[in-house]
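Visitor: Could you take me through one part of this protein in close-up? I would like to look at its salt bridges.

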Amino acid sequence: MTFEFPALPTQRADLIERLKAPHTYDIAIIGGGATGLGVALDAAARGFSVVLVESHDFAKGTSSRATKLVHGGVRYLAQGNISLVREALHERTRLLANAPHLAQPLPFVMPSYKFWEAPFYGIGLKMYDALAGKAGLGATEFLSRAETLRDLPTARQAGLKGGVKYWDGQFDDARLAMALARSAARAGALLVNYCAATGLIHEAGKLVGLHVADQESGQTLRLNAKCIVNAAGVWVDQLRVLDGQAIGREARPMVAPSQGVHIVVDRAFLPTDHALLVPKTADGRVLFAVPWLGKTILGTTDTPRNDLAREPLAFREEVDFILGEAGRYLSKSPGPADIKSIWVGLRPLVKPPEDDGDRTQALSREHTVLVSKSGLVTVTGGKWTTYRAMAEDVLDNCFARGLLAKRPGGVTADLKLVGAQSSEHRISEAPGLHLYGSDVGGVLALPGANRVLGGGLTEAMVRFAARYEYARTVEDVLARRSRLLFLDAALAKSLAAEVANLLEQEGQPHPRLQEFLVLADQYLTLPD
């Protein structure tokens, strides 16, 4: 039986042939993270011709390494950034509605060990509710000691006085990125991963196109576009420098990268569908313990980082900090031997022009859009929750500079993403078919639907990733189409050879198995 579903094939040869075809696009986007994919979807949904190139895989960088929270930002409320919180709270609701299989409400509990903590933080969270208004997910509640232990059964009991419960959301970031990519393609956009922008093309001081290189074949191509968007995340300054050199203007760096480290341990450390939040740790940072895909994520840090590694390493002091702080609030302290995976993301924080310091904790998570004299549109900063609003802002800037003819906005506010379907399963549950939403039938129709490789991953899921989700390598499958590298790096490593074999069967002769084995070891290795 042939199953008919609205999934577009993502065969590499076909994508490259389309890329070769002579065409002047309305908009060309560099960067396949949350921001670039959001712009691609919004622009395509408005009827513009769109091409997007990504030098690695979609969501390879920051966009697959979030703390998995769809949130307004309690910490930003404490900083007094009311406008950012209000916008994020309303975008949170839209995101949860447009991809309910990948983004859902999540209750958070702040345990209170001092008499003043519950009323102090509770008042702030009541303000959080007020800012959300009709977009709220649930009312803030004050909890007794018994109620706190009911929701956080492994919270440290000594000295516990009670707690405060409030609501935010959580999601599967890399799979949401894939839903955005596939939704943009459904709307007519051409998206190509493993295709790097290698140069910008100027004529008479104006940006008119870019050179790109297929990372698999090495072939170089020219793409012409009326408007070019630089959405390369923490790497946006590299393109801004190239643009500045071409027009004789120095581009001052606008990104101050910050490193966030996350540690994954077994769900036994927090066997609940409630997240634990410590609003102020020993050094003033926030600590989360979040149930996610059958495990518990502990994090995160906020450490300045000057290099821009694709796979940044955790510092030992960051790991010690997270484990130590978790041990102060959990009845059983997680130790180094309990770590299933360590992963690190770089946040593209926007650096104020006058700021030459290296403290990133106080920098705003608001995004910035800049348009250079040549017409290069650069967007950076922001966070996953507000990706849709960021995309609208980018296009508004394109219109304001006359790079594109204005078309009505708001088209993505209620646009359901590919796979959108309400689910009885929670994101905190172990991964499985439910993460495919309405595409479940398509997965089940492929060979190997009943053959489980491990960790909820089936043979059919690997084939689906290759045929319909742009997957090219073992890492694509085990890190981002499934999340096993982030959940249990040792298990992911054990499945790598079989995944490579399946990708070869699907027509990819170079699935980069050895590279993945090295990477998996990194996710398992404690820093010195």
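Guide: Happy to; here is a walk through the salt bridges and the residues that form them. This is a predicted model, in which local features need pLDDT of at least 70 and side-chain atom pairs count only at pLDDT 80 or more, while totals for chains, interfaces and linings use all residues. Residues are numbered from 1 along each chain as its sequence is written, and side-chain values use heavy atoms, with hydrogens and water left out.

The structure holds 38 salt bridges (a side-chain nitrogen of Lys or Arg within 4 Å of a carboxyl oxygen of Asp or Glu). One of them joins the side chains of K165 and D151, at 3.1 Å from N to O. K165 sits in strand β6 (residues 162–171) and D151 in helix α6 (residues 145–151), so this pair ties together parts 14 residues apart in sequence (helices, H or I of at least four residues, and strands, E of at least two, are DSSP runs numbered from the N terminus). Both K165 and D151 are buried (under 20% relative accessible area; exposed is over 50% and partly exposed in between, with a 1.4 Å probe and protein chains only).

In the salt bridge between D307 and R305, the closest N and O atoms are 2.6 Å apart. Here R305 counts as buried at 11% relative accessibility, whereas D307 is partly exposed at 36%.

K493 and D521 also form a salt bridge, with their closest N and O atoms 2.7 Å apart. K493 belongs to helix α15 (residues 489–505) and D521 to helix α16 (residues 513–524), so the pair links parts 28 residues apart in sequence. K493 is partly exposed at 31%, and D521 is partly exposed at 32%.
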